[in-house]
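User: Please walk me through the fold and the aromatic contacts of this chain. Keep it brisk.

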Amino acid sequence: MVDRRGSTWVFGYGSLIYKTGFDFLRCERAAVRGWQRRFWQGSHDHRGTPEAPGRVVTLVPAARAVCTGIAYLVEPAVFDYLDHREKNGYRRQPVEIALTDTGEVCAGVTYIAQEGNPAYLGPAPMEELARHIAASRGPSGSNMDYVLELAESLEAMGERDEHVSELARRLKEFSRPV
């Protein structure tokens, strides 16, 4: 039996869906209400560089939205890893997480990058987002791969996020041979 005292649920909605990199006690499909995924955060350290940041997802408030992802029950030591991984403008945000399979609702945290942080890029038209992402690359690989992997992971979960799906569709058009 695992001692779960001090453990915390962490909601992943971007690369944490397909690339964990840490140990967890439980993993469940999950959702948070009142938030939507948007490619509004700059990435200077993973999918871009300080000179040419890529774009990665953050959550932005949206009253009627439901964002799906994965929740991980983690021990406190995991936050050393997560805080370092999400250091480029992200901060912990308390959220109520609905576990999809069990129906359980629990308190937890997620990482969001709010407007005003040094790496925040903000909204842009979809075509501009796609062009920016198609041209970006960083130590963790191409920014396009990040978007396509997220879109494929959501699809494999049976979930659809219109923002991610539309962006992936446009990026695939850029990569088609002419």
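**Barrel and aromatic pairs**

User: In what order do the strands of the closed barrel run?
Analyst: This is a predicted model. Its closed barrel has five strands, with mixed pairing. The twist from one strand to the next averages 45 degrees. The strand order is β1-β3-β2-β4-β5.

User: Which residue in β3 is the bridge partner of Phe 11?
Analyst: Strand β1 covers residues 8-12, and β3 covers residues 54-74. They pair in the antiparallel sense over five bridges. The partner of Phe 11 in β3 is Ala 71.

User: What angle does the direction of helix α3 make with that of β3?
Analyst: Helix α2, residues 126-134, packs on the sheet and touches β2 and β3, with its direction at about 45 degrees to that of β3. Helix α3, residues 143-156, also packs there and touches β2 and β3. For α3 the angle with β3 is about 75 degrees.

User: Are the rings of Phe 11 and Tyr 13 stacked or edge-to-face?
Analyst: The whole structure holds six aromatic pairs. In this one, the ring centres are 6.3 Å apart and the planes stand at 25 degrees. Planes under 30 degrees apart count as stacked, so the pair of Phe 11 and Tyr 13 is stacked.

User: How many residues apart in sequence are the parts tied together by Phe 22 and Tyr 72?
Analyst: Their ring centres lie 5.2 Å apart with planes at 80 degrees, so the pair is edge-to-face. Phe 22 sits in the loop between β1 and β2, whereas Tyr 72 belongs to strand β3. Both residues are buried. The pair therefore ties together parts separated in sequence by 50 residues.

Terms used:
Residues are numbered from 1 along each chain as its sequence is written. This is a predicted model: local features need pLDDT of at least 70, side-chain atom pairs count only at pLDDT 80 or more; totals for chains, interfaces and linings use all residues. Side-chain values use heavy atoms; hydrogens and water are left out. Two strands pair if DSSP finds at least two bridges between them. Helices (H or I, at least four residues) and strands (E, at least two) are DSSP runs, numbered from the N terminus. Axes are lines fitted to C-alpha atoms, for helices over the stretch in contact, and angles run from 0 to 180 degrees between N-to-C directions. Contact means heavy atoms within 4.5 Å. Rings of Phe, Tyr and Trp (its six-membered ring) pair if their centres lie within 6.5 Å; planes under 30 degrees apart count as stacked, over 60 as edge-to-face and the rest as tilted. Buried means under 20% relative accessible area, exposed over 50%, partly exposed in between (1.4 Å probe, protein chains only).
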